[in-house]
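Please read the points below with the sequence and the model open beside you, and check each one against what you see. They are written for someone new to reading protein structures, and they go from single residues to the whole chain.

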Amino acid sequence: ALVDAAARAAPSPLPRWASTAGAAAAAAVLSTLASQPGDAILSEVSSGGADHEGGVWAAAERLGADGLARGLRARLAQVGVIVTVQLVLYDTLKHAFGVP
């Protein structure tokens with residue numbers, strides 16, 4: 001009886017959608033942080049011109065740490081929202097159709 005009372009008094013876990021949204025947001029942040037430097041280098045290399053020779057490593061050196069992180073806040077906002085909504089929608093539909 002004491003164990004049952006303690007179980008009833010314990011706070012309930014987060015709703016499924018909240019834990020899904022939290023995990024999706026974490027995935028969005030991590031994927032954005034992982035892909036940002038590569039996208040910055042790609043933009044630098046594809047901008048072309050004679051002064052942009054040397055390939056990927058030269059582009060990374062030209063950009064430096066600040067250049068590799070340029071635009072990160074805007075990208076976090078954009079990609080964060082898109083990825084989070086996609087993953088929450090996926091999980092919601094998966095549960096709605098009873099897919100394990």
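1. In this predicted model, the backbone oxygen of Glu 44 lies 2.7 Å from a polar atom of the side chain of Ser 47. Ser 47 itself is found in the loop between helices H2 and H3. With a relative accessible area of 47%, Ser 47 is partly exposed, because that class covers values between the 20% limit for buried and the 50% limit for exposed.

2. Glu 44 also appears in a second setting, since the contact of H2 with H3 includes Glu 44 among the residues that H2 supplies. Helix H2 covers residues 16–46 and helix H3 covers residues 55–69, and the two pack at an angle of about 120°, their axes being 9 Å apart. The two helices are therefore oblique to each other, because an angle of about 120° falls outside the range of 65 to 115 degrees for roughly perpendicular and is not over 145, the limit for roughly antiparallel. The crossing in which H2 passes H3 is right-handed.

3. Which residues make the contact between H2 and H3? From H2 come Gln 36, Pro 37, Ala 40, Ile 41, Glu 44 and Val 45, while H3 brings Gly 55, Val 56, Ala 59, Ala 60, Arg 62, Leu 63, Gly 67, Leu 68 and Ala 69. Sorted by class, the residues of this contact are 10 nonpolar, three polar and two charged.

4. Two residues of H3 deserve a separate look, and the first to consider is Val 56, whose place is in helix H3. Val 56 is partly exposed, its relative accessible area being 48%. If neighbours within four places in sequence are left aside, Val 56 is in contact with Ile 41 and Val 45. The C-alpha atoms of Val 56 and Val 45 are separated by 6.9 Å, although the two residues are 11 residues apart along the chain.

5. Gly 55 is likewise found in helix H3, and with a relative accessible area of 36% it is partly exposed. Between the C-alpha atoms of Gly 55 and Val 45, which are 10 residues apart along the chain, the separation is 6.8 Å.

6. The next helix pair to examine is H2 and H4, where H4 covers residues 72–96. H2 and H4 pack at an angle of about 140°, and their axes are 7 Å apart. That angle makes H2 oblique to H4, because roughly antiparallel would require an angle over 145 degrees. Here too the crossing is described by its hand, and H2 passes H4 in a right-handed crossing. The residues of the contact of H2 with H4 divide into 13 nonpolar, eight polar and four charged.

7. Arg 75 lies in helix H4, and its side chain makes a polar contact with the side chain of Gln 36, at 3.2 Å. Gln 36 is also one of the residues that H2 contributes to its contact with H3. Apart from its neighbours within four places in sequence, Arg 75 is in contact with Thr 32, Ser 35, Gln 36, Asp 39 and Gly 80.

8. Is Asp 91 buried or exposed? Asp 91, which is found in helix H4, has a relative accessible area of 13% and is therefore buried, as the class takes in values under 20%. Its side chain makes a polar contact with the side chain of Thr 20, at 2.9 Å. When residues up to four places away in sequence are not counted, Asp 91 touches Arg 16 and Thr 20.

9. Finally, the whole chain can be summarised. The secondary structure of the protein comes to four helices and zero strands, and from the N terminus on its elements run α-α-α-α. Of the 100 residues of the protein, 19% count as buried. Among contacts in the protein with a separation of 6 or more, 68% are accounted for by residues 24 or more positions apart.

How values were computed
Residues are numbered from 1 along each chain as its sequence is written. This is a predicted model: local features need pLDDT of at least 70, side-chain atom pairs count only at pLDDT 80 or more; totals for chains, interfaces and linings use all residues. Side-chain values use heavy atoms; hydrogens and water are left out. Axes are lines fitted to C-alpha atoms, for helices over the stretch in contact, and angles run from 0 to 180 degrees between N-to-C directions. Angles under 35 degrees count as roughly parallel, over 145 as roughly antiparallel, 65 to 115 as roughly perpendicular and the rest as oblique. A crossing is left-handed if the near helix is turned anticlockwise from the far one by less than a right angle, and right-handed if clockwise. Contact means heavy atoms within 4.5 Å. Ala, Val, Leu, Ile, Met, Phe, Trp, Tyr, Cys and Pro count as nonpolar, Asp, Glu, Lys and Arg as charged, and the others, Gly among them, as polar. Buried means under 20% relative accessible area, exposed over 50%, partly exposed in between (1.4 Å probe, protein chains only). A polar contact is a pair of N or O atoms within 3.5 Å; within protein, one must be able to donate a hydrogen and the other to accept it, and residues adjacent in sequence count only if both atoms are side-chain atoms.
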